[in-house]
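Me: I would like to learn how to read a structure one feature at a time. Could you take me through this one, beginning with its sheets?

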Amino acid sequence: MYSNKSLQRRQRQYISESRSEEKFSNSLIRLNGQSLLDTTGNNTTTRNNSSDVVIVIMEGRGSNEGQIGIAMHDVRHPEINLCEFVDSREYTTLKTMINVHEAYDIVIQNGNEERGSTKLLGEALMTAFPDASLQSISSKYFKSERGERQLNSLMNAEVSTVSEGCLRRSLALGALAVLLKYIHETRCVFFRVKSLRIKEIGVDDTCMIDFVSWESLEIIDTDDASKARKCQMKQKRTLMSVLNHTVTTNGYRLLRSNVLQPSTDVNVIESRQEAIEELIAKPQLKDKLKRTLLRSQELDRVIAMCIQTSTSWTVRDSEAKINQIIKLIQTLKVIQVIRELLDSARVKSNLLNEKTEFLKDPRFDQIMEILIEKVDDTLLDGRAREIAQHFHNNASVRLSFSQARGFHYTFVTRQAETVTIPRHFLEVFRNRTTVTFNSREVIAYNDRLDQAVSEMFLASDVIVCAMIEEMQPMIPVLYYAMDALSTIDFLCGLATYSDLRETCRPSFGPSFSVSQGRHPILDWADSEKTITNDTCLTRDRRFGIITGPNMAGKSTYLKQVAQISIIAQMGCFIPANYASLPIFTRIFSRMGHNDELMRNKSAFASEMSDAAAIVQYADKRSLVVLDELARSTSTEEGIAITYAICEKVLELQSYTFLATHFLDIAALANYSNAIDNYHFLPQTDENSFKKHKLLRGQYRGPLYGFELIELSTFPDEVLQHAQQLAAELRAQVEDTERDYDSERRRVKVFMSHRLRESAEYFMEMHGEKWKEEPAAIEKMKSLRNYMIEELAKIDRQEQMSQESE
């Protein structure tokens, strides 16, 4: 029992906290100085927010300076993510996470702005996300103690992934306290005790790709996300749209997060590869799974209904609950079918078996018994018979419910204008991708519902609430189902892509070796016309310099290398004949830039900003692709800056490709064994057999840029003078003394790596007797002949150089 003084002290503390919480909404201030409350005192936060994902950011100070704690919640997805990490002054990691999760409703702390740290964070976020809802609130609300209490109160331990160390992450817990209060104040959302999934996400188990590279590497179309969402686009323009063969919203969400942040865990990658390999080998199972998943409903809203509470009752809320109960029944039936499909197929993949075990949880049957006991599903069964009779159990035809039309049928099809609906059905409405219609039985059922709608919904709400209370201990199994269905959809989508193209299962090791690789987007558009190219980087020869004229394929090749790496680390098969790649923790790119007028940056300032991030954060587990570095300044400065950046990247030991028109840069290969020169030939008729083919060595072909000038109205004397100067400059470059011994040494080192990789490949394929395989013998002979030819070529060049002297 508490003493009177103790009880009074606790009451005063409770009253103080309540008054403080009443001021929470009034304290939320937009960074442009306007309050979130209008002049009448009504909260306008919800109307101003355009994002469903809320992120609260707490920045460390004092001894914690440089650390960032975040808490995120998607109102469409019933979970909260926590993370704490060390970031740069440019907030590179934070910006990338905001973009990946599309968290554009942002709350930061506004205390101690005189120190400048919060002001710096606010300005960085306003610059990076000008359309986001960016708000600040007093630091007094960021209380880690309160965040820890709420975490222990709301977290369901069975489905949450929070380590003991998370309880010591004061910044993330402080952000969690503000996040929960913010959701309550602006979304009117309360969570039931021990019902919420809270996940601790890390930045070390995924490959970080700067969001600026998403568009430059054609990973995703950041300007038009709605187009990227479509399952089948008329024109596949991005890596995301090429890989997207998912059929559910959660499957698409999982695919997007893996495209933007591929895994760095070899075990995770290889488990996905095994599952994809088995799904490719069993096409009937894959097709049946996809057709069955089409009938499933997203469980996000169902779980949200079960874990959230409200202090008021409306007819609309009751309708939504009934709709979610119907979706839950349909999805539980789908789970039963998928479980039977995977069981009957006797899958061997550990990942698929793991998801099958989740779907065998007896709590699914217990939930179904609760629902069937209190829900009259005769309408569902009757309508199922109606669909079977007239549409032969077409998975694209389903029973739907909306507030405007009540129960009705929906037919999802890409031929909405031409598809034939049997005369048995009425009220046919055609949209772009759906046809909605009704039947006399469903109309009569809706009429009976309308006669006593309020009474029915009130009574139904009582029944639904009772069912939710009864299902409460079994809510974790719905989280398992959501994860299992999205993973199966994700794997089926990758298996579909891998099966539709000539792909191979990549292995992982220290060398970046790809045989006859193809650009994923170009390969999808027209596989017959796609040019294949090899890629070879090793720890000893990790820097490739690519030269050649315009339109030869340099930029396309750089994008191909980056996209293949992303696909491989997702666990998907890649468009190539053979591949062994390193596991990259970061992928950097510096592609073409224009002036950024909104940020008051020139093209040169923009590319130097990207290059600065590369030389600061790249390491031996990074992939760096640089395209036309320092072309936006003078030639002398450009060559000097490119030299300096290349030397720094060499010290960092990153796997690097540099495409450049500066032929002087190729001379770096004379001073470092880690550099190898490659080139593309100009695209002329006589070289058509080598069109867009990557060749070894420095580009020494003709200057074909003048052909473009000849098509313009330049005076002849200007053109002739330019050609004369270019010939003189080329002669000066070619007179540079070559180190032929270094070239021979590089050829021998390169061939030793190729021989070792080939031997390991054939040993893995054929065992100890691989040396007797005709394919292995032929491959080794070709490599030996290639080395002999390259060494002989260097000998001839050295002899010619000596004779000319």
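Reply: Keep in mind from the outset that this is a predicted model. A good place to begin is an open sheet of seven strands, whose order is β1-β6-β5-β2-β3-β4-β8 and whose pairing is mixed. The edge strands of this sheet are β1 (29-30) and β8 (197-200), each of which pairs on one side only.

Me: How many bridges join β4 to β8, and do the two run parallel or antiparallel?

Reply: Strand β4, residues 77-86, is joined to β8 by four bridges, and the two run parallel. To find the pairing by eye, look for Glu79, which stands opposite Arg197 in β8.

Me: Where are the edges of the sheet that contains β15, β19, β16 and β17?

Reply: These four strands form an open sheet in the order β15-β19-β16-β17, again with mixed pairing. The edges are held by β15 (507-508) and β17 (533-537), and because each has a single partner strand, one side of each is left without a neighbour in the sheet. Within this sheet, strand β16 (residues 512-517) runs antiparallel to β17 and is joined to it by four bridges, with Ser513 standing opposite Cys536 in β17.

Me: What joins β11 to β12?

Reply: A hairpin through three residues makes that connection. The strands themselves, β11 at residues 397-402 and β12 at residues 406-412, run antiparallel and share six bridges, and Ser400 stands opposite His408 in β12.

Me: How should I read the two faces of a strand, and which residues of β18 point each way?

Reply: The general idea is that in a regular strand the side chains alternate between the two faces of the sheet. In β18, Phe543, Ile545 and Thr547 point one way while Gly544 and Ile546 point the other way, and all are buried. Strand β18 (residues 543-547) is thus mostly covered, with five of its five residues buried.

Me: Which strands pair with β18, and in which sense?

Reply: β18 pairs with β22 in the parallel sense over four bridges, and with strand β23 (residues 675-680) in the parallel sense over five bridges. Two residues of β18 can serve as guides here: the bridge partner of Phe543 in β22 is Thr656, whereas the bridge partner of Thr547 in β23 is His679.

Me: Turning to helices, which residues of α16 are buried and which are exposed?

Reply: Helix α16 spans residues 350-359, and Leu351, Leu352, Lys355, Thr356 and Leu359 are buried in it. Seen down the axis of α16, these buried residues fall within an arc of 140°, so they line one face of the helix. The face turned away from that buried side carries the exposed residues Asn350 and Glu357.

Me: Which residue caps the N-terminal end of α16?

Reply: The cap is Ser349, which has a side-chain oxygen 3.3 Å from the backbone nitrogen of Leu351.

Me: What should I look for in the backbone angle phi, and where is it positive here in residues other than glycine?

Reply: As a general guide, most residues other than glycine have a negative phi. Among the residues to examine in this structure is Glu427, whose phi is near 50°; Glu427 lies in strand β13 (residues 426-430) and is partly exposed, with a relative accessible area of 41%. Another is Gln653, which has a positive phi of about 65° although it is not a glycine. Gln653 is found in the loop between α25 (635-652) and β22 (655-659), and with a relative accessible area of 31% it is partly exposed.

Me: Is Ser606 buried or exposed?

Reply: Ser606, which lies in helix α24 (residues 603-617), counts as buried at 2% relative accessibility.

Me: Finally, how many cavities are there, and which residues line the largest cavity?

Reply: The structure holds four cavities of 30 Å³ or more, and about 60 Å³ of space lies in the largest cavity. Its lining consists of Thr248, Asn250, Leu293, Ser296, Gln297, Glu298, Leu299, Met482, Leu485 and Ser486. By character, these lining residues divide into four nonpolar, five polar and one charged. Helix α21 (residues 476-500) gives the largest share of that lining, three residues.

How values were computed
Residues are numbered from 1 along each chain as its sequence is written. This is a predicted model: local features need pLDDT of at least 70, side-chain atom pairs count only at pLDDT 80 or more; totals for chains, interfaces and linings use all residues. Side-chain values use heavy atoms; hydrogens and water are left out. On a 1 Å grid over the protein atoms alone, a cavity is a set of points where a 1.4 Å probe fits but cannot get out, and a pocket is an open set with protein on both sides within 12 Å along at least five of seven lines; lining residues have an atom within 4 Å of a point. Grid points are joined across faces, edges and corners, and a volume is the space filled by probe spheres set on the points. Ala, Val, Leu, Ile, Met, Phe, Trp, Tyr, Cys and Pro count as nonpolar, Asp, Glu, Lys and Arg as charged, and the others, Gly among them, as polar. Two strands pair if DSSP finds at least two bridges between them. Buried means under 20% relative accessible area, exposed over 50%, partly exposed in between (1.4 Å probe, protein chains only). The arc is that of the directions from the helix axis to the C-beta atoms. A polar contact is a pair of N or O atoms within 3.5 Å; within protein, one must be able to donate a hydrogen and the other to accept it, and residues adjacent in sequence count only if both atoms are side-chain atoms.
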